[in-house]
Amino acid sequence: MKKQLYKRPAFGLVFSSLLVISACGNSESSTATAEDNTWLEQANLGANETPEELYEAAKEEGKVVVYSQSSRIKDVKASFEKEYPGIQVEAFDLGTIEIVEKVTREQEAGLNTADVVFVKDGGGIVSGELVNEGMLHKYAPDDLVENLDAPFLDEPGLPFYFSTRAIFVNTEVYDESPITNWWDLTDEKWKSRIVMDDPLLSSDTLDLLTTIVQNADDMEAAYKDKYGKDIELNGTDHAGYEFIKQLLANDPVFVSSGDEVVEAVGTPGQENPPVGITTSSKSRHIEEQGYKAEFLYDVEPKMSVAGTSYLYMANQAEHTAAAKLLIRWMAGEADGQGEGFRPYNVPGSWSTRTDVSVEGQRSSDELDLWPYDGEYLYEHSNEVRNFILENQ
């Protein structure tokens, strides 16, 4: 059994939405109805209203409700309410899995609580279920998308930034990176010295491992680069699963949050610090907390996989003008410089726009990442989850 710094909740309760949501997909509420079509017509999501026009309509609505995957939504609430007095933001800070389950259950019950949903794809479940079943809609006015980078032009929602699961190392101890290849994490020297978000609780970490399985050929080539010989499989199908098996055999320490990973890796004064795997956006806390850590860019065969965050309009949203205004605000408005985007334009995150960047880090086009394949993740994440359970 792998070491854990906390007691893992009952697995079925935590991941129930990812496993059984598809069973709900044929419910009557997921089918486009005349009511849905009327709402879509009235919402007019293809319109290109100005912020001034939306504000006038939003003042009549009085509030907007947002389900957010990030606690930074509190900063958005403060800046939005200051910019647009008379409109209250009701913000709910929820995990990706909680958002998926909450939106699904509410809409199947005819409860139109959320207006805006801010969430990652979560193993392809958001695009594969919530978008395809008409529970979430894309609102992407022309002036917000005209400067999107090419890879983000055809997305299920409005993409406004991405981060990635990255390897963190201690900079006080290591002048040069001790990790240059993902296979390094399977070496004996790192046994019990890898701290990472639990892949059975973190959809982002499971996305990374599933992407590694998808790109088994890259992992096979990286193995040969490291060891100078072809990989020998130990009861697995290919190098992707073999990597996961060997990683688990190296006794990683699973934790419940990325903050714990950065703290474990970067606390000053350590002689033999662990390495960690968590979201790159946690690097925004490193300087203020006094940690000695950084994430790695140059790891073979790829740095990682992008985890893009999206903004959606919820089906049957009751405050459509305010929702549009909030989406524009969070996306940084037409020039990408708006105050609403500031909490997300931080080290370890990258804007999806070509004209916005964070000083002191590599630009997004310099990152060597695997592409995020929501369809593949939707079809195979459960297989990888089961493999992890079998090899603990």
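A residue counts as buried when its relative accessible area is under 20%. The model shown in these views is predicted.

**View 1. Tyr241 and Phe387, two buried rings.** At 13% relative accessibility, Phe387 falls under the 20% cut-off and therefore counts as buried. Tyr241 is buried as well, with a relative accessible area of 10%. The centres of the two rings are 4.6 Å apart and their planes meet at 45°, so this pair is classed as tilted. Tyr241 belongs to helix 11 (residues 239-249) and Phe387 to helix 15 (residues 374-390), so the pair ties together parts that are 146 residues apart in sequence.

**View 2. Phe80 and Trp329, an edge-to-face pair.** The structure has 24 aromatic pairs. In one of them, Phe80 and Trp329 sit 6.4 Å apart, centre to centre, with 75° between the planes, an edge-to-face arrangement. Phe80 is part of helix 5 (residues 73-83) and Trp329 is part of helix 14 (residues 320-330), so the contact of these rings ties together parts 249 residues apart in sequence. Phe80 is buried, with a relative accessible area of 0%. Trp329 is also buried, and its relative accessible area is 7%.

**View 3. An aromatic cluster.** Six residues make up one cluster of aromatic rings: Phe152, Phe162, Phe168, Phe295, Tyr297 and Trp350.

**View 4. Strand 3 and its two partner strands.** Strand 3 covers residues 116-120, and 5 of its 5 residues are buried. In a regular strand the side chains alternate between the two faces of the sheet. Here Val116, Phe118 and Lys120 are on one side, Val117 and Val119 are on the other, and all are buried. Strand 1 (residues 63-68) pairs with strand 3 in the parallel sense, over 3 bridges. Within this pairing, Ser68 has Phe118 as its bridge partner. Strand 10 (residues 304-314) runs antiparallel to strand 3, and 5 bridges join the two. Val117 has Tyr312 of strand 10 as its bridge partner.

**View 5. Arg284, a buried charge without a salt bridge.** Arg284 lies in the loop between strand 8 (275-279) and helix 13 (286-289). Which side chain of opposite charge is nearest to Arg284? The nearest is Asp259, at 6.1 Å. A salt bridge needs the charged atoms within 4 Å, so Arg284 has none with Asp259. The side chain of Arg284 does make a polar contact with the side chain of His285, at 3.4 Å. Leaving aside residues up to four places away in sequence, Arg284 touches Arg72, Val346 and Pro347.

Methods: Residues are numbered from 1 along each chain as its sequence is written. This is a predicted model: local features need pLDDT of at least 70, side-chain atom pairs count only at pLDDT 80 or more; totals for chains, interfaces and linings use all residues. Side-chain values use heavy atoms; hydrogens and water are left out. Helices (H or I, at least four residues) and strands (E, at least two) are DSSP runs, numbered from the N terminus. Buried means under 20% relative accessible area, exposed over 50%, partly exposed in between (1.4 Å probe, protein chains only). Lys and Arg count as positive and Asp and Glu as negative; His and the chain ends are not counted. A polar contact is a pair of N or O atoms within 3.5 Å; within protein, one must be able to donate a hydrogen and the other to accept it, and residues adjacent in sequence count only if both atoms are side-chain atoms. Contact means heavy atoms within 4.5 Å. Two strands pair if DSSP finds at least two bridges between them. Rings of Phe, Tyr and Trp (its six-membered ring) pair if their centres lie within 6.5 Å; planes under 30 degrees apart count as stacked, over 60 as edge-to-face and the rest as tilted.
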